[in-house]
Amino acid sequence: MSLDTATVRRVAALARIRLEEEEVARVQGELNGILGWIEQLQAVNTDGVEPMAGGTPEGIAAMPLRDDVVTDGGQAAKVLANAPDREGEYFGVPKVVE
Amino acid sequence: MHPTDFTIAGAVAALEEGIISAEELTRAHVAAIEALNPKVNALITVTAEQAVEAAKASDARRARGEAGPLEGIPLAIKDLFCTEGVQTTAGSKILEGFIPPYESTVTTQLKRDGAVFLGKANLDEFAMGSSNLTSAYGGVLNPWSRRNDPEARLVPGGSSGGSAAAVAARMVLGATGTDTGGSIRQPAAFCGIAGIKPTYGRCSRFGIVAYASSLDQAGPFARTVEDCAILLRSMAGFDPKDSTSADRPVPDFAAACGRSVKGLRIGVPREYHIDGMPAEIEKLWRQGLDWLREAGAEIVDISLPHAGYALPTYYIVAPAEASSNLARYDGVRFGLRAAEKDSDLRDLYERTRAAGFGPEVRRRIMIGTYVLSAGYYDAYYLKAQKVRALIARDFREAWSKVDAILAPATPSAAFAEGEGSDDPVQMYLNDVFTVTANLAGLPGLSVPAGLDPQGLPLGLQVLGRPFDEETVFAVGAAIERAADFKALPGMRAGA
C-alpha cells in the first residue's frame, strides 16, 4: 500500500505536525519506504491468534487493582512550573472560544 | 591504580576498607568528565557540584555506619529518566530546559542505595535510534577506534549511546539506560561493555520519558557482568506507580554470577543465522557456544519460526505507541512552544511539534498515526499484535527445551557516522537480534566477548525466561570468564 500526497498531508495533520509543501515529497518517499518494508507481515498466517496488547510475558501476572482513592494532588505550583505560558494558576493558550 | 579503573564491586570494597573516600572517587570521575566530555559528548548535563556534595554526604553516611549497597558509586543517568531539579531533555529540543518536579522510581532507588549522579547521558531523541545521531544535543563519539582508520568517528550505538560511551571511557563506573528494541544491548556491544535489559516489569517505568510503553524497560550498563547485577538489584522492584511493574521479590543477581552453567541447556536459534552476517560475528557466536560447552552446558538447536518478522512487527507496534505517548508534547504544559502572533491553538500545536521534534521522531509519529488510523488499524496494528503473540509463543515453546539462548548482540561492530544512516530501514536492521526480547518481554544481556579484525569490540547476547535474570547472569558471567576480554578503548580516563 502506497501513500499518496493527500494521505501524507492528512496523516501529518492528524499527528499535529506542520508539514511544509516542499517537505511532502521527501516525507512521502520515507514513509512509503518504511510501509513497503513492513508489508511483509501480511505473509504471516495469524488466523485464530489472539493479539498481544501489552508487554507482560503471558501467564506471568495480572494487572493489579488499587484502592480507588485520591493519592496525589494540590501541587499547582509544581504542575505549572514548566509551562511556556501561564496566567495565574492556569496554562496560557491562544483564544479558543470567540 | 587510578580511581576510574575500579569496577563497582571493587570500588564498594575499597570504600568499605577506607582505601578511598566517595569524595575522592567522585572528584576523579569529575576530572575525567571535564577532560573527556568535550570530545565524547556523552553527557548532556554535568552535575559536578551536586555530585561532590552528594559524595560528601555519602562519606558521612558511611562514617555513621549507614552505608547503602551503592554507597558513593558514581553513575551517569540516561537523560530519559526524570531527575528532580535537574534538566531532563530526552535528547529532544522540545524538552530543552525542562526541569522535572519529581524523580523517577529507578533513580530514587539508586539514590536510596547511596549512588552519586555525575550527569545526564546523551541519547537518541526520545530513545529513537541506533547511533545516537538523532540527538538534538549532538552525536556521541565511541571511545573505540578502528586500527586501520583511527580518524573515523565511530558511533557508540543507540539509543543509550551516551551511557555506554561514558562507562567505556571511564567517566563513570556505571550508568542507567533504557531498552525498547535494543537500546541497551546494542550500545553495550558497540562500546565493549556489559548491559542488561531485564524482564518487562522488573523495573518501574515511572518517571521515564515514555517511547513505547509495552516495550520500554530500564536496565544498567557497567564494565563487568557482576557490576550490572549489582546495579540491577537496586534499580528493580515493584512500584505501585507503574501498574505493569511486577510484584515479585528481587533476587541477589550478583550471587547468580558465580553459579555454574553445568547442565544448563543453551539454545541456538537457527533463524538467527541471517544472510550477509559478517564472518567474525558467526565465528564469535561459535566460540561462545564452545566456551559454554566446555563449562559443562549442553548446546541445543532450536527454532523461533517467527523471529524473522520481529523487526517489521516492532516498527508498527513501537511507532503506534510512540504516536500516542508523544501527543503530550503540545507546547502548552511544558517544553518548547513555537507559535506566530496570530496562531490559533491548532497552529500552535503543529508549529511546536514541527520545530521541536527531529526528523526521525516525526517519521515514527507519522507511521504510528497512520497504522492506528481508521481503515488501517486492522491491517497494520492488529496484525502486528498478532505476529507479536506468535513471536512470544515461539519463545515459550523454546523454554521447554532450553534454559537460555545464546545469540550475537548485533549484526556488526560499531559503524562510522554517515555509514548507512541515510536509509531509515537500513538503520532499523541494527536491532535484528535484540528486538525479539522486547516483543516477548524477556531479559537479554550483552557481554563483550571479542574483537573484530579492526580491533573493535563485539558482543554476545544471552536471553532467558521471564524473570529468570539469574540464569542470564550465570551464563553471561561464564562467557565473560572464558572470553577474558581485556581490550580497552583508546579514549579513556587514566590512559
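Helices and strands here are DSSP runs, numbered from the N terminus. On that count, B:S159 sits in the loop of chain B that runs between strand 3 (116–121) and helix 5 (161–168). The model is a predicted one, and this loop holds one of its odder backbone spots: the peptide bond from B:G158 to B:S159 is cis, with omega near 10°. Most peptide bonds, by contrast, are trans.

Helix 5 of chain B, at the end of that loop, is well covered. Eight of its eight residues are buried, so helix 5 of chain B is largely enclosed by the rest of the structure. The residues in question are B:G161, B:G162, B:S163, B:A164, B:A165, B:A166, B:V167 and B:A168. Just past the helix, B:R170 takes a positive phi of about 65°.

Positive phi turns up elsewhere in chain B too. B:N41 is not a glycine, yet its phi is positive at about 60°; its place is the loop between helix 2 (22–40) and strand 1 (43–46) of chain B. Is B:N41 buried or exposed? The cut-off for burial is 20 or more other C-beta atoms within 10 Å, and B:N41 has 20 C-beta neighbours inside 10 Å, so it counts as buried. B:A90 also departs from the usual pattern for a residue other than glycine, with phi near 55°. B:A90 lies in the loop between strand 2 (74–78) and helix 4 (105–112) of chain B, and it is buried because 32 other C-beta atoms lie within 10 Å. As background, most residues other than glycine have a negative phi.

Another loop residue worth a look is B:A414, found between strand 9 (404–408) and helix 14 (424–428) of chain B. With 27 other C-beta atoms within 10 Å, B:A414 is buried. What does B:A414 touch, leaving out residues up to four places away in sequence? The list is B:N142, B:W144, B:L154, B:V155, B:G157, B:F190 and B:L456. Of these partners, B:G157 is 257 residues away along the chain, but its C-alpha atom is separated from that of B:A414 by 6.9 Å.

Now for the core. Nonpolar side chains in soluble globular proteins tend to be buried together. In this model the largest nonpolar core has 178 residues, and those touching the most other members are B:L75, B:V116, B:A165, B:A166, B:A229, B:F473 and B:V475. Domain 1 (3–259 + 465–483) and domain 2 (308–386) of chain B each supply at least three residues to this core. Two of the residues that touch the most other members, B:A165 and B:A166, belong to the buried set of helix 5 of chain B. B:V116, for its part, touches B:A22, B:T26, B:A51, B:A54, B:A55, B:S58, B:G72, B:I73, B:P74 and B:L75, again not counting residues up to four places away in sequence.

How do the two domains of chain B meet? The domain assignment gives domain 1 (3–259 + 465–483) and domain 2 (308–386), and their C-alpha centres lie 28 Å apart. The contact pairs 20 residues of domain 1 of chain B with 17 residues of domain 2 of chain B. On the domain 1 side, there are 10 nonpolar, seven polar and three charged residues.

Turning to the two chains, the contact between them takes 42 residues from chain A and 58 residues from chain B. On the chain A side, the elements that give two or more residues are helix 1 (5–14) and helix 2 (24–38), and helix 2 of chain A has the largest share, six residues. Sorted by class, that side has 27 nonpolar, seven polar and eight charged residues.

Within chain A, helix 1 and helix 2 pack at an angle of about 90°, with their axes 10 Å apart, which makes helix 1 of chain A roughly perpendicular to helix 2 of chain A. A:T5, A:V8 and A:R9 of helix 1 make the contact with A:V24, A:V27, A:Q28 and A:L31 of helix 2. The class tally there is four nonpolar, two polar and one charged.

Helix 1 of chain A also packs across the interface, against helix 12 (residues 359–372) of chain B, at an angle of about 100° and with the axes 9 Å apart. The two helices are therefore roughly perpendicular to each other. A:V11, A:A12 and A:L14 contribute from helix 1 of chain A, and B:M366, B:T369 and B:Y370 from helix 12 of chain B. This contact has five nonpolar residues, one polar and no charged.

Technical notes
Residues numbered from 1 in each chain as written. Chains lettered and ligands numbered in written order. Predicted model: local features only at pLDDT ≥ 70, side-chain atom pairs only at ≥ 80, totals over all residues. Contact = placed C-beta atoms within 7 Å. Helix = DSSP H or I, 4+ residues; strand = E, 2+ residues; numbered from the N terminus. Nonpolar A, V, L, I, M, F, W, Y, C, P; charged D, E, K, R; others polar. Core = buried A, V, L, I, M, F, W, Y, C linked by C-beta atoms within 7 Å. Buried ≥ 20, exposed ≤ 12 C-beta atoms within 10 Å, placed from the backbone. Domains from an automatic or database assignment. Axes fitted to C-alpha atoms, helices over the stretch in contact; angles between N-to-C directions. Parallel < 35°, antiparallel > 145°, perpendicular 65-115°, else oblique.
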